[in-house]
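Visitor: I'm new to this one and would like a close look at a single part. Could you walk me through it slowly?

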Number of protein chains: 2
Amino acid sequence: MTQRTDVTRTLAEWIVGCRSDAIPEEIRTEGLRTFVNWLGCAIGGATHKTVDRALAAVAPFSGAPEASVLGRSERLDPLHAALINGISSHVLDYDDTHLKTIIHPAGPVASALLAIAETRPVSGTAFLDALIIGVEAECRIGNSVYPEHYDRGWHITGTAGVFGAAAAVGRLLGLDVQKMTWALGIAATQSSGFREMFGTMCKSFHPGRAAQNGAFAAFLAQAGFDSSERAIEAPRGFANVMSDKQDYGEILGGLGTHWETALNSYKPFACGIVIHPAIDGCIQLRNELGDVNRIVKVELLTHPLVLELTGKTEPRTGLEGKFSVFHAAASALLRGDGSPTAFTDEAVNDPALVELRRNVHVTTDPGCYEASVTIIVTLDDGQRLEKHVERAIGSRERPLSDDQIEAKFRGQAAMVIGEQACDSLIEAAWQIGAMDDVGALARACVPSATR
Amino acid sequence: MTQRTDVTRTLAEWIVGCRSDAIPEEIRTEGLRTFVNWLGCAIGGATHKTVDRALAAVAPFSGAPEASVLGRSERLDPLHAALINGISSHVLDYDDTHLKTIIHPAGPVASALLAIAETRPVSGTAFLDALIIGVEAECRIGNSVYPEHYDRGWHITGTAGVFGAAAAVGRLLGLDVQKMTWALGIAATQSSGFREMFGTMCKSFHPGRAAQNGAFAAFLAQAGFDSSERAIEAPRGFANVMSDKQDYGEILGGLGTHWETALNSYKPFACGIVIHPAIDGCIQLRNELGDVNRIVKVELLTHPLVLELTGKTEPRTGLEGKFSVFHAAASALLRGDGSPTAFTDEAVNDPALVELRRNVHVTTDPGCYEASVTIIVTLDDGQRLEKHVERAIGSRERPLSDDQIEAKFRGQAAMVIGEQACDSLIEAAWQIGAMDDVGALARACVPSATR
């Protein structure tokens, strides 16, 4: 497979040529759920200090303020808006997940698309087409190199996301196959972002930068800026340089008949997805227990990825707390909370939570399914309670309903833009497919006082 | 060595703490030669269509036009100016080379610095300090992973250059050690660019983007945007993810006593440096031969890197011609030309050059020194002439003199900004160390009619 010479171009042909009416209704519905979930997260994360600081750095360099910063009063040029909205949509680690690759698909793609859609009329149909096609490109490229690429240390949401943003924006711009091929190449050669950054502000910088860089790749290609036409499959291209696995069948197989978009899932908790089973089970135990102050010891039996990804024993900040199964379990047991408020600087430094998290012990078992966990809680009288979660809430087998996505949206966005504005926005977001110009929706995503 | 935990911070401490008067005079002189050579290249490349197209894509998104696009009338915000100036300084493949790593050091560092220096008063001393310190950071980080990193397929001018730009701009901004550590981290997680892009517009995009991204990293860090504090040495950081070699002694050993800046060299020919010996020898043969039309066959005995890097047998564009030893040898023999005019779209499609390049044969020998070549030319009467080049012009053993750097500057920049303006600029550039505000120099780098 490594000798193929037409992977990038064949993918570009599909991105350019895929007809709107060839996207099945259930895929369009999942694309819509992806969008609504992302929009709530982008508004919900907008007041995080990560966003404050990024905006402070960006503001002096912004071009014409044509695009909205979701959840805030500032306006920026569309590329910088894509960056900031990509950061805010991911900063709470509360967005969406393509479970096969742990890509968070919407951040890079939707952040780029909505910002560009404020600069030209884009119908809801064209917008959702581009969103779905961008997510397909992103997740398929991710599949082609996962897990070796991720294991090497790449934050795949950034490294694959830049392709999704380029594909989606290139589609909006109406690039031809030649220019779409270049756009994918210009995206490829910007692919970047280390897992080392988890727990720091740079984690959410990755999808933001992927959105901005992918969109810019599309604009460069539109201007005739060329690149290699085999950027994905060349011996010194993306797949070979950044991964020890290259399976191009994952990119080209079943294009237009099999949809990765169908596999997107939406996080019920605001942290690394591998600890969702533990939070789910701990909240259940808390509800059954009554007096959680009697807990003296917590034992978790999990998949090994849980410790590999979220093994921080002494998180110092809220962002680090998102990568501590110890903190997450303590918060779920003591507060019943897995939402953004469970992962603030205050929460991770709460003495009661700190005390309990130090009594959380994790044993891993490769035979344990990733969406499962077994929890044993020991009380002060020596009594032991066990809880097994077979499939965590938010997994493919227990997906969030539309109502749950809406409640999640309201829970994080109402305080940012006002309850009434939030309710109107939720209603409008579900109807985006029928809009003539989706830019209006972006402009409704700002605090009430701003409008 | 892979277990070190203080590489990034120790480097940041040196970048912040290095005293101006601790930089030896001969290093300052080499930094000045690096700057003057870079400036001529940035102006000389400014009219290339690569720059036209990048500018067309960038213009709609630019912020306040505070910085000059060297060699052109447009003005951009300083981050976009850093991008464009980085592209134009490298697009002719005529800039500078740190031979140990094949990094082209000035593009990422100087392009970022000069653009930022237009937005605030920066003395010539502070400017050269930052340039030299940025080049040190860039080349030392390159040394730590070369050649495995390069062999994997990374274009090291982009991947290491982003650190140099962050270090240099961070120094200008007066970042403290904490923030400089973050700046290096934010730079690291943007490190990108594939060798697959050689021969396309994306090759020069790499130093441009490195300049822009590195500068942005410094501004983000200034605003308190954090990152991993071990971005270079962490198990999932730069060196481990992007290379199979990690030698941190190359980064930290002899800081302040040994200077990589001293090893910079300046290209006499506008193409991949590994074919400079062949061009040098072919021009000598041409001068000795008289009637070059009698040549029927050309044989080259070279280092293996020559074919690996510049083995394009049928280049279609000027940019591809820069990676064709066959074209370069033909041009040097038939036209005596290794300057930018030898690598235009017209030149690579000249029938006479095409015919001769098809009669160029390359044999490689790992025992052949990289700066050497043996050339055998066969004439139409069967006569064979041999030329051995032991060390090519432009190599460390035969460096360009100040006069040659000046002639190179004039040769490419006079047509762009006018002869008189060019002469004044060259004089001013050599004196940059004495300036109170180097921004004035940038503003003198535009076409006469513009000012």
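Visitor: Here is what I'd like to know: how many residues of domain 1 of chain A are in contact with domain 2 of chain A, and how many of domain 2 are in contact with domain 1?

Guide: Happy to. Keep in mind that we're looking at a predicted model. Let's get our bearings in chain A before we get to the contact itself. The domain assignment splits the chain into domain 1, made of 7-268 plus 410-450, and domain 2, which covers 273-389. So domain 1 comes in two stretches of the chain, written 7-268 + 410-450. Taken over C-alpha atoms, the centres of the two domains are 31 Å apart.

Now for your numbers: 14 residues on the domain 1 side are in contact with 10 residues of domain 2. If you sort the domain 1 side by class, you get six nonpolar residues, six polar ones and two charged ones.

Let's step into domain 2, which runs over 273-389, and look at some strands there. Strand β5(A), residues 295-302, is joined to strand β7(A), residues 373-379, by six bridges, and the two run antiparallel. To find one of these pairings, pick out A:V298, whose bridge partner in β7(A) is A:V377.

β7(A) also pairs with strand β8(A), residues 384-389. Here too there are six bridges and an antiparallel run. One pairing to look for is A:T378 with A:R384 in β8(A). Follow the chain from β7(A) to β8(A) and you go round a hairpin, with four residues between the strands. In that turn sits A:G382, with a positive phi of about 90°.

For some context around this part, look at where chain A meets chain B. There, 43 residues of chain B are in contact with 43 residues of chain A. Several helices of chain B supply at least two residues each to that side: α3 (49-58), α10 (177-188), α11 (202-222) and α12 (238-242). Of these, α11(B) gives the most, with five residues. By class, the chain B side divides into 19 nonpolar, 16 polar and eight charged residues.

One last stop, in chain B: helix α17(B), residues 325-334, is mostly covered, with 10 of its 10 residues buried. Among them are B:F326, B:H327 and B:L333. After the helix comes B:G336, which has a positive phi near 65°.

Technical notes
Residues are numbered from 1 along each chain as its sequence is written. Chains are lettered from A and ligands numbered from 1 in the order in which they are written. This is a predicted model: local features need pLDDT of at least 70, side-chain atom pairs count only at pLDDT 80 or more; totals for chains, interfaces and linings use all residues. Two residues are in contact if their C-beta atoms, placed from the backbone, lie within 7 Å. Ala, Val, Leu, Ile, Met, Phe, Trp, Tyr, Cys and Pro count as nonpolar, Asp, Glu, Lys and Arg as charged, and the others, Gly among them, as polar. A residue is buried if 20 or more other C-beta atoms lie within 10 Å of its own, exposed if 12 or fewer, and partly exposed in between; C-beta atoms are placed from the backbone. Two strands pair if DSSP finds at least two bridges between them. Domain bounds come from an automatic or database domain assignment.
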